[in-house]
Every structure is written in C-alpha cells, then in structure tokens.
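Visitor: Could you take me on a close look at the salt bridges here? I would like to see who pairs with whom, and how buried or exposed the partners are.

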Amino acid sequence: MKITKEHVGKIFTVEDVPQNEPCMNCTPCLRLKIMEMGIIPGEKIELEKHYLGLWKVNVLTENNNVASTIALRDEEMERIFVEGEKCGLSIV
C-alpha cells in the first residue's frame, strides 16, 4: 500500500512494527521507539496531517477517540505495517 497525502484523515489498524532483518542492534532501536509511542499491533491510528516530511498521527481508543497524538518522520512511518499489508507503508 502506498500512503500518500490522500490518506490523511483515514483510520488504519496496525498489524506489525517488524524489526530489521537481520536485526542490527541499533541504538536506539527504531522499532522499540515506535512501539514506546503507542504504535503497537492491534492499535488503531489516524493519519491526521503530513507536512514537511512529518506525519501527525493520532493513536485512537476503541471508540475512535484520540488517546494521544505523535509526530513521525517519513522513515518511521515506513516501518509500520497496517491492515494485512505485507509491504509496510510507502511514502510518496
């Protein structure tokens, strides 16, 4: 799935935040950083805005209320797999 500015305002369910293959033991680990911000498998996220290479992302509750809002760089968004997609989010 290619995520573009047209996806702003849409809600997705996070499927996975995979680690690098092979794991490079990065410090800090980008996967852990993303998961510590609340982007974990099963969570619903809303892409609120994309501006100057940053994505404003809302982490949603079960009834789609905003639980928290975070900003992710394009390379961080590319690490998130959503809704059964096997190719992750590709930013264009």
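**Salt bridges up close**

Guide: Happy to, and let us start with E76 and R73, which form a salt bridge whose closest N and O atoms are 3.4 Å apart. Please keep in mind that this is a predicted model. R73 counts as partly exposed, because its relative accessibility of 36% falls between the 20% and 50% cut-offs. Salt bridges with shared partners join R73 and E76, together with K33 and E75, into one network.

Within that network, E76 also pairs with K33, and here the closest N and O atoms are 2.7 Å apart. K33 belongs to helix α1 (residues 30-36) and E76 to helix α2 (residues 74-77), so this salt bridge ties together parts that lie 43 residues apart in sequence. The two ends of the pair sit in unlike surroundings: K33 is partly exposed at 31% relative accessibility, whereas E76 is buried, with a relative accessible area of 2%. E76 counts as buried because that value is under 20%.

Now let us turn to another pair. K56 forms a salt bridge with E48, and their closest N and O atoms are 3.1 Å apart. Here K56 is partly exposed, at 35% relative accessibility, and E48 is partly exposed too, with a relative accessible area of 33%.

To put these pairs in context, a search of the whole structure finds 4 salt bridges. Among them are K33 with E76, E76 with R73 and K56 with E48.

How values were computed:
Residues are numbered from 1 along each chain as its sequence is written. This is a predicted model: local features need pLDDT of at least 70, side-chain atom pairs count only at pLDDT 80 or more; totals for chains, interfaces and linings use all residues. Side-chain values use heavy atoms; hydrogens and water are left out. A salt bridge is a side-chain nitrogen of Lys or Arg within 4 Å of a carboxyl oxygen of Asp or Glu. Helices (H or I, at least four residues) and strands (E, at least two) are DSSP runs, numbered from the N terminus. Buried means under 20% relative accessible area, exposed over 50%, partly exposed in between (1.4 Å probe, protein chains only).
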